[in-house]
Amino acid sequence: MDLYEFMRGMLRGQRWGKVLSSPLTYQLVEKALLLARGGFRWRATYLMGRFALTQTRRAYTGKVPVVWTSAFFPVEIVWGLGLCPFSPEVAAAFITSLGFVDRALNRADQDGYSRDLCSFHRCIAGAAADGYLPAPAALVASTHLCDGAPLLFQNLAGHYQVPYLLLDVPYQSTPEAERYVADQLAGIWNRLSEIAGRRPDPSSLARAIDYSNQFRSHLEAVNALRCRVPAPIQGSEMLNYLYVFFAGQGHEEAAAVFGCLARELEDAAGCEDRERFRLLWLHLKPYHRGELMHFLEEAGCSIAFEEMSYVYWPPLDPERPFHSLARKVLSHFAYKPLQRRVAVVDALARKYRVDGIVHFSHWGCRQSCGGSLILRDALQEKGWPVLLLDGDCLDERNEAPGAVLTRAQAFLEVLEGRKAACGGMGEQ
Amino acid sequence: MIGWVCSYTPVEIFHALGLRSFRLFGDLPPATFHLPPNFCPYSRSCVSEVLEKRGEVTGIVVLASCHAQVHLFNALRHYAAKRDRFFCHLLDLPRVGGGEIGGSRVDYWVSCLSQLIEELCQFYGVQWSQESFLQAVKQQQQVRCLLRQFYDLQRERPGLLRGGGVLGLVRFACQKDPAEVIGTLEGLLGLLREQGGSRSPQQANSLLQNLLRKDTPQGPRLMLAGSPLPLALVDLVEEMGGIIVGDELCQGYRFCCLGTDGGINSLHSLAQSYLRRVPCSRMLRFPERFGALRKLAKERGAQGIIYHSLKFCDFYHYERVLLQRELAEEVPVLFLETEYRPGGMEQLRTRIQAFLEMIC
């Protein structure tokens with residue numbers, strides 16, 4: 001059973017805004033989740049669902065200050081202050097998976113947000129305007145990897161009349177850049193503690209850093225197990241763990257999710273059917289009810305790995321939290337000249353012995369899609385078959401489903417031909 | 001010759017090193033094979049411009065101001081630099097929160113500028129000297145000061161100068177050697193004030209033809225704001241009777257203003273001066289930005305603002321929503337979107353006409 005399928009079943013026919021913004025919803029779903037936990041393929045999925053529901057309920061009760069954080073902001077800072085982070089991008093994927101996205105997008109359209117902007121952010125803008133998201137005490141955005149989030153947060157800070165804190169992340173990874181980011185993180189930590197009326201406690205931050213390190217090492221263990229052929233878990237399943245990636249790092253339950261998954265994969269390795277093609281997935285996947293993921297699964301494609309899960313950062317030092325978080329932020333491979341991403345993708349493709357690489361080009365994403373043609377050319381020069389699939393993670397209106405499936409089908413034929421000719425690059 | 005794009009590029013560095021530089025305006029059709037079609041049309045056009053002028057252009061300095069610029073850098077590095085010896089540098093640009101200039105931000109940018117200088121010296125075999133730096137700063141200040149005088153004229157004598165003509169002068173100043181620019185602009189100002197004595201009368205005369213309006217407009221006074229726009233759009237506004245009395249464009253007035261006009265004697269003060277200027281949307285300092293826009297519109301007696309955004313430009317599309325909320329009650333705003341090409345102007349004509357009728 002899929003977590004979102006479970007949630008959809010629970011919430012079918014309800015009024016979306018009322019349902020989403022009520023703490024009671026999350027309490028009830030959490031209880032139902034407990035009863036249904038045996039139906040999930042992985043216990044880790046149940047743990048992630050429970051963690052996300054508990055924190056979302058906490059956010060809606062208003063008893064603890066809620067801090068909205070953009071997707072790549074180091075949330076260890078927020079957990080380290082005992083505050084409740086809320087990741088609106090994850091909420092947008094969640095709203096979409098539940099089938100409520102159209103109303104939020106329509107509201108954003110009415111408010112003047114162009115359809116060319118990222119649908120994650122338009123969905124948030126619409127849901128916020130309708131008053132269905134938990135009221136923040138502050139908004140914190142980082143500038144790396146996404147131009148849209150810092151802009152949306154700036155607009156929403158005016159809407160909610162709350163402080164907006166910005167983490168400006170440079171491209172260079174020099175000692176000066178590290179100092180520059182570390183200074184800002186220390187400033188944000190202090191400012192958030194003032195806003196929330198909490199005394200900053202370095203030992204609490206050190207604990208969050210420790211949990212973050214546990215998260216990292218468990219994720220590495222999961223990734224190592226995923227090298228097996230056939231793949232023990234699908235990339236499309238891993239892309240459902242967005243909450244722990246974007247909002248969980250620094251919390252013990254997020255670390256526990258991947259700790260549990262690593263143990264489960266250890267036992268489950270080799271249980272998948274024979275794979276026709278192994279794929280490396282770049283960027284996110286569609287969270288709406290489009291047919292692409294189902295089509296790929298039916299066609300015998302296995303998403304052996306996705307770049308989202310790649311551990312790109314070194315372990316953090318609890319003694320130097322701001323500097324090591326700065327290093328983490330600065331080491332993101334996709335926030336560098338594109339050769340770095342090419343090198344990482346090439347290495348992942350070899351490590352996971354894939355037959356081809358698929359880049360899902362989410363319509364409004366300038367960072368990932370902007371470089372997609374160069375990325376494709378560079379990877380093709382290295383001998384990899386690459387498919388760029390134009391689509392939209394949330395807004396089906398920005399997608400041409402027929403064209404997407406036709407392109408996917410044609411790509412699989414290319415892979416078939418290559419495999420017949422040389423047995424796939426991974427086996428060379 | 002080195003190409004550059006963003007008005008935060010400290011051109012004084014190129015001049016101090018004796019390197020010829022020019023700003024890319026992307027006046028060619030957008031590249032289709034290097035960047036995707038649903039991407040900043042200006043950056044795509046800049047790729048075309050560099051690839052077209054490959055014989056002349058030996059390098060490029062791109063500011064990491066947005067993902068469009070970063071991928072412009074990536075495209076040129078991948079497609080231009082791998083075939084030829086080509087200088088490609090991505091220069092960071094720190095954002096300054098809340099109008100404050102934190103020491104670490106300036107220090108960080110100074111470290112970036114130092115690295116740029118080092119790489120330029122190494123690639124082009126040139127040397128840095130404090131004396132040439134001070135000379136370059138002085139010249140560039142003079143260029144900016146002269147350009148501002150045209151903007152003063154635009155305010156004082158509305159309808160005398162073409163909006164596109166003034167923007168054309170800024171273009172001219174961004175593409176030519178500062179000494180030549182100073183001579184021409186002084187000559188042009190002399191001609192405008194009927195004083196004669198131009199040091200380069202021929203060039204000044206030809207620019208003058210392009211600068212003066214041929215009609216006697218009676219329409220409303222307008223300001224231009226937003227992202228870089230096609231000059232055909234400015235011409236269209238004037239053709240409909242609008243009078244451009246100012247702009248706050250990156251390729252216009254904002255280029256002419258730094259945070260300070262005096263006291264630049266080191267990389268530190270140069271960095272500070274750039275970071276202190278009235279910010280663009282990218283710097284995420286909207287209260288300061290809208291304050292400056294409000295002030296400029298008032299000073300120039302603007303009756304309306306034509307706010308333009310390039311298609312797929314996140315910064316100006318988000319700002320547009322904010323602008324609607326913060327400014328539209330004080331001054332009427334018309335939002336227009338283009339793909340940085342003259343195409344589609346007829347569709348805009350109706351909207352501009354309706355806007356002008358509304359504010360008249």
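Reader: Let's start with a helix. Which parts of chain A cover the buried residues of α16(A)?

Author: Among the parts that cover them are α5 (76-79), α10 and α11 (202-225) of chain A. Cover is judged by contact, meaning heavy atoms within 4.5 Å. The names are DSSP runs numbered from the N terminus: helices are H or I with at least four residues, and strands are E with at least two.

Reader: What kind of model is this, and how are things labelled?

Author: It's a predicted model, where local features need pLDDT of at least 70, side-chain atom pairs count only at pLDDT 80 or more, and totals for chains, interfaces and linings use all residues. Residues are numbered from 1 along each chain as its sequence is written, chains are lettered from A and ligands numbered from 1 in the order in which they are written, and side-chain values use heavy atoms, with hydrogens and water left out.

Reader: Back to the helix. How many residues of α16(A) are buried?

Author: First the cut-offs: buried means under 20% relative accessible area, exposed means over 50%, and partly exposed is in between (1.4 Å probe, protein chains only). In α16(A), 8 of the 10 residues are buried, so to speak mostly covered. Phe322(A), Leu325(A) and Val329(A) are among them. A general idea helps here: an α-helix has 3.6 residues a turn, so residues three or four places apart point the same way.

Reader: Which residue of α10 pairs with Arg327(A) of α16?

Author: The general idea is that side chains of opposite charge can pair when their charged atoms come close. The rule for a salt bridge is a side-chain nitrogen of Lys or Arg within 4 Å of a carboxyl oxygen of Asp or Glu. Here Arg327(A) meets Glu178(A), at 3.0 Å from N to O. Arg327(A) sits in α16 (residues 321-330) and Glu178(A) in α10 (residues 175-196), so this pair ties together parts 149 residues apart in sequence. Arg327(A) is partly exposed at 37%, whereas Glu178(A) is buried at 15%.

Reader: How many salt bridges are there over all chains?

Author: The count is 41. Another of these joins Arg57(A) and Glu30(A), 3.3 Å from N to O. Arg57(A) belongs to α4 (residues 43-61) and Glu30(A) to α3 (residues 23-36), so parts 27 residues apart in sequence are tied together. Arg57(A) is partly exposed, at 23% relative accessible area, while Glu30(A) counts as buried at 18%.

Reader: Which residues are linked with Asp109(A) in a network of salt bridges?

Author: Arg115(A), Arg122(A), Asp395(A) and Arg397(A) are in that network. Asp109(A) lies in α7 (residues 101-110) and is partly exposed at 24%. Leaving aside neighbours within four places in sequence, Asp109(A) is in contact with Arg115(A), Arg122(A) and Arg397(A).

Reader: And α11, where Arg216(A) lies: what does Arg216(A) touch?

Author: Not counting residues up to four places away in sequence, Arg216(A) touches Val311(A), Trp313(A), Pro314(A) and Pro315(A). Arg216(A) is buried, at 11% relative accessible area.

Reader: Now the backbone. Is the peptide bond from Val229(A) to Pro230(A) cis or trans?

Author: Most residues other than glycine have a negative phi, and most peptide bonds are trans. The bond from Val229(A) to Pro230(A) is cis, with omega near 0°. Pro230(A) lies in the loop between α11 and α12 (235-238) of chain A.

Reader: What is the phi of His283(A)?

Author: It's positive, about 70°, although His283(A) is not a glycine. His283(A) is in the loop between β5 (277-282) and α15 (292-298) of chain A, and counts as buried at 13%. In chain B, Phe312(B) also has a positive phi, near 70°. Phe312(B) is in the loop between β7 (304-310) and α12 (314-326) of chain B, buried at 6%.

Reader: Let's step back. How many helices and strands are in chain A?

Author: Chain A has 20 helices and 8 strands. Its radius of gyration is 21 Å, close to the 22 Å that the globule rule gives for 428 residues, so chain A is as compact as a globular protein of that length. That radius is taken over C-alpha atoms, and the rule is 2.2 Å times the number of residues to the power 0.38. Of the 428 residues of chain A, 64% count as buried.
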